[in-house]
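Grab a pencil and open the viewer. Here are a few exercises to work through, each with a solution you can check as you go.

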Amino acid sequence: MLWESDLIRDIRTTPEMDDQDRWIQGFHSKYGEDVRIQTIWWDEVTDCNRQKIADRFLQVRDNCQAILEIGVNRNGDNSTTHCFLDNKRPDTIYVGLDIQDKSSLDDPTKNIFTIKASSRDVAKNIEIMKSLGVVEFGFIFIDGDHSLTSVLNDWEYTALLAPNGIVGFHDVSTHPGPSCFIRAINKDKWHVEENLCPDDWGVGFCWKK
């Protein structure tokens, strides 16, 4: 498994809970249910999230052969998906992987494709991606199931990460999978930005040294 060489420790701690997507302990007490619902960032993606994702994507846009997004179009026109679709080059392949049907986004003339599947089927999904013309991903964005086990699994797609590619994580403030993962990345091997939006759901990035 790739994560075994890219993390400084195994983030799995309690086997009975590691497959559960849940809130980080203390999140509810910090914000309170009523307060969270009333805040502007209750939308699944905030302005800060979109801006930071777009900024990082634009760093690799010109040399980005393909994009992988795990967890697709969850906030409509304000989703992270449109950070990629609105900014990518026409010849850049976008692949959206989601357990729900997101085929309404598909447009082969613009190199936009979605796959309805669990991200845990890594080998099968990679074969589909290769059949779409993917050689390597210049940007991978992880925003699927946020359990510890799922994020470890989703890291396996970095087998196709371009040498100068970027990996992004959503919800690094609020869910244990992405939060624990990004804090455990081996900083001797990776440049890491743990959280660029600490006052909302959070978004972080890493790329190889």
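The exercises below deal with a predicted model.

**Exercise 1.** Find out where N111 and D171 are located, and what is unusual about their phi angles.

*Solution.* Start with N111: look in the loop between strand 2 (93–98) and strand 3 (112–116). Its phi is positive, about 60°, even though N111 is not a glycine. Now go to D171, which is in the loop between strand 5 (161–170) and helix 8 (176–184). Here phi is about 65°, again positive, and D171 is not a glycine either.

**Exercise 2.** Decide whether D171 is buried or exposed.

*Solution.* The relative accessible area of D171 is 7%. Buried means under 20%, so D171 counts as buried.

**Exercise 3.** Work out how strand 7 (residues 203–208) pairs with strand 5 and with strand 6 (residues 190–193).

*Solution.* Take strand 5 to begin with: it pairs with strand 7 in the antiparallel sense, over 5 bridges. One pair to look up is I166 with its bridge partner W207 in strand 7. Next comes strand 6, which runs antiparallel to strand 7 and is joined to it by 4 bridges. On that side, W190 stands opposite K208 of strand 7.

**Exercise 4.** Explain why helix 8 is largely enclosed by the rest of the structure.

*Solution.* Count the buried residues: 7 of the 9 in helix 8 are buried, so the helix is largely enclosed. They are P176, G177, P178, S179, F181, I182 and A184. Then check their surroundings: these buried residues pack against helix 1 (3–6), helix 7 (148–154), strand 5, strand 6 and strand 7.

How values were computed: Residues numbered from 1 in each chain as written. Predicted model: local features only at pLDDT ≥ 70, side-chain atom pairs only at ≥ 80, totals over all residues. Heavy atoms only, no water. Helix = DSSP H or I, 4+ residues; strand = E, 2+ residues; numbered from the N terminus. Buried < 20%, exposed > 50% of the residue type's maximum accessible area, 1.4 Å probe, protein only. Pairing = 2+ DSSP bridges. Contact = heavy atoms within 4.5 Å.
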